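Dear colleague,

Please find below the structure that I am handing over to you. My findings follow it, and I would be grateful if you could read them with the model open.

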Amino acid sequence: MPNPRLRHLLLATLLCSTAAMAAADGKSATNLARAAEEAAARARYEQTEREIEAMLRARREAIRRETGTRVASSRSRQQAEDDGVPTGKAARHASWSYEGETGPEHWGRLRPEWTRCGAGNRQSPIDIRDGIPVDLEPVAFDYKPVAFSVIDNGHTVQVNLGPGNRISLTGRSYELQQFHFHRPAEEKVNGRGFEMVAHLVHKDAEGRLAVIAVLIESGSAHPLMQTVWNNLPLEKNEPVTPPSLIDVSQLLPQRREYYTYMGSLTTPPCSEGVLWIVLKEPVQASTQQIGIFSRLYPMNARPVQSPAGRLIKESQ
Ligand SMILES: [Zn+2]
């Protein structure tokens, strides 16, 4: 658009020359009045044009500001996610999953700190076969009722536990941190799968992990699972902390024979050096209880990994 001041000047010149021509032609004052009217109409038109232009400029500015904010906030969300801070976006779009482009076969390439998921050689879960039957030291369970909270972390339902539950094994004492569920069970035993599994994650004073796997098959209702389901959070990443206590010993089968091998976390970052203890006797949960978990997580199991010649021992 040309400079408005210049246009004004042109308009004034036009007006003057029209008046001069009218006077020179000796035409009546009517012509002069008409010319003035036309000039005024033109000025009004230009004023409207200027207003529209100003409006458009303001709108463009608003859009630029809005887009800038959107880009900035999505950047800060990504940063928070990278730092491991749960955010709304992280809850809706988990950075890893069990299918598609962020599924297990891609975990190792999604982040540099997750390379072990793809390149590790002591990964979990495995199909437990050819265990060496030996007299394994029984796991000494020292579980007691403790405070708990239930969280749906976007990958599973997890129960975080207050302090006080310990196991002892091979001279080490591990404290139970949390337990969570997978459907179907991640581990197989001689090729056999199970409806679900509970993983009880323990840590010793040096940060070494020992995970006890309790296989779950369908059958009668499970009281402890019911306690957990009764306190299922309505929203992801918003824990429910009931006033009651939970006794995790209720989750264990009667018989405590087990398979044991060295493996990894079954979710990113797939850290190795995890002592696995898979209890041989499954516990039961009702089909309704299993169905409740399926509604949230129909499939949250990593596929079995190569045993890569690892030693597996089992209680005989
Ligand atoms: Zn697990």
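In which sense do strand β3 and β6 pair, and over how many bridges? The pairing of β3 (residues 140-142) with β6 is antiparallel and extends over three bridges. Within this part of the model, which is a predicted one, F141 is found opposite I167 of β6.

Strand β6 also pairs with β7: the two run antiparallel and are joined by four bridges. Here R166 has E175 of β7 as its bridge partner. Together β6 and β7 make a hairpin in which two residues separate the strands. T170, in the turn, has a positive phi of about 45°.

The side chains of β6 (residues 166-169) alternate along the strand. I167 and L169 are buried and point to one face, whereas R166 and S168 point to the other face and are not buried.

Turning to the whole protein, the secondary structure consists of seven helices and 15 strands. The protein has 316 residues, of which 25% are buried. If one takes the contacts between residues at least 6 apart in sequence, 65% of them link residues at least 24 apart.

In soluble globular proteins, nonpolar side chains tend to be buried together. In this model, the largest nonpolar core comprises 51 residues, and the members that touch the most others are M196, V197, A213, V214 and I216. The greatest contribution to this core comes from strand β10 (residues 209-218), which supplies seven residues.

M196 deserves a separate note. With neighbours within four places in sequence left aside, M196 contacts F181, H182, R183, P184 and A185. The other residues in contact with M196 on that basis are I216, A285, I290 and F293.

Two of these contacts, R183 and P184, are also the two residues of a cis peptide bond, with omega near -5°. P184 is located in the loop that runs between β7 (172-182) and β8 (188-189). A cis peptide bond is likewise present between P268 and P269, where omega is about 10°. P269 belongs to the loop between β12 (258-264) and β13 (272-279).

There are also backbone angles to report in two loop residues. D130 is not a glycine, yet its phi is positive, near 55°. The loop that holds D130 lies between β1 (127-128) and β2 (132-134). D130 counts as exposed because it has 9 C-beta neighbours inside 10 Å, and the limit for an exposed residue is 12 or fewer. N190, again a residue other than glycine, has a positive phi of about 50°. This residue is in the loop between β8 and β9 (196-204). N190 is classed as exposed because 9 C-beta neighbours lie inside 10 Å.

Finally, is E113 buried or exposed? E113 is exposed, because its C-beta neighbours inside 10 Å number 11. E113 sits in the loop between α4 (107-110) and α5 (116-119). Although E113 and S271 are 158 residues apart along the chain, their C-alpha atoms are separated by 9.6 Å.

With kind regards

Conventions. Residues numbered from 1 in each chain as written. Predicted model: local features only at pLDDT ≥ 70, side-chain atom pairs only at ≥ 80, totals over all residues. Core = buried A, V, L, I, M, F, W, Y, C linked by C-beta atoms within 7 Å. Buried ≥ 20, exposed ≤ 12 C-beta atoms within 10 Å, placed from the backbone. Contact = placed C-beta atoms within 7 Å. Pairing = 2+ DSSP bridges.
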